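Welcome! Let's get to know this structure together through a few questions and answers.

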Amino acid sequence: MIEGFTAKDHYWRMWLEVEAITAPFPPSIVLAEDAVAGLLLEVRQKGLEL
């Protein structure tokens, strides 16, 4: 989950950076403001800040 992403013109750069972190698994990017409550709770409890 990505929080505070406002630079829409840098989307693909952000995607490549996330892809490098999640390799060999494909990323699934969700903006925090678009996430459902259950996902937000799960990320807050179990997520790791990078």
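Q: Is Arg13 buried, partly exposed or exposed?
A: Happily, this is simple to work out, keeping in mind that the model is predicted. The relative accessible area of Arg13 is 53%. A residue counts as exposed when that value is over 50%, so Arg13 is exposed.

Q: With which residue does Arg13 form a salt bridge?
A: Side chains of opposite charge can pair when their charged atoms come close. For Arg13, the partner sits 4 residues away in helix α1, about one turn of the helix. The closest N and O atoms are 3.8 Å apart, and the cut-off is 4 Å. The partner is Glu17.

Q: How far apart are the closest N and O atoms of Glu42 and Lys46?
A: A search of the whole structure gives 2 salt bridges, and Glu42 with Lys46 is one of them. Both residues belong to helix α2 (residues 37-46), and because they are 4 residues apart, about one helical turn separates them. Glu42 is partly exposed at 37% relative accessibility, whereas Lys46 is exposed at 61%. Their closest N and O atoms are 3.0 Å apart.

Q: Which residues do ring pairs link into a cluster?
A: Let's follow the rings. Tyr11 and Trp12 meet edge-to-face, with 4.9 Å from centre to centre and 85° between the planes. Trp12 also pairs edge-to-face with Trp15, at 6.5 Å and 65°. The cluster is therefore made of Tyr11, Trp12 and Trp15.

Q: Is Trp12 buried, partly exposed or exposed?
A: Trp12 has a relative accessibility of 62%. Since the cut-off is over 50%, Trp12 counts as exposed.

Technical notes
Residues are numbered from 1 along each chain as its sequence is written. This is a predicted model: local features need pLDDT of at least 70, side-chain atom pairs count only at pLDDT 80 or more; totals for chains, interfaces and linings use all residues. Side-chain values use heavy atoms; hydrogens and water are left out. Rings of Phe, Tyr and Trp (its six-membered ring) pair if their centres lie within 6.5 Å; planes under 30 degrees apart count as stacked, over 60 as edge-to-face and the rest as tilted. Buried means under 20% relative accessible area, exposed over 50%, partly exposed in between (1.4 Å probe, protein chains only). A salt bridge is a side-chain nitrogen of Lys or Arg within 4 Å of a carboxyl oxygen of Asp or Glu. Helices (H or I, at least four residues) and strands (E, at least two) are DSSP runs, numbered from the N terminus.
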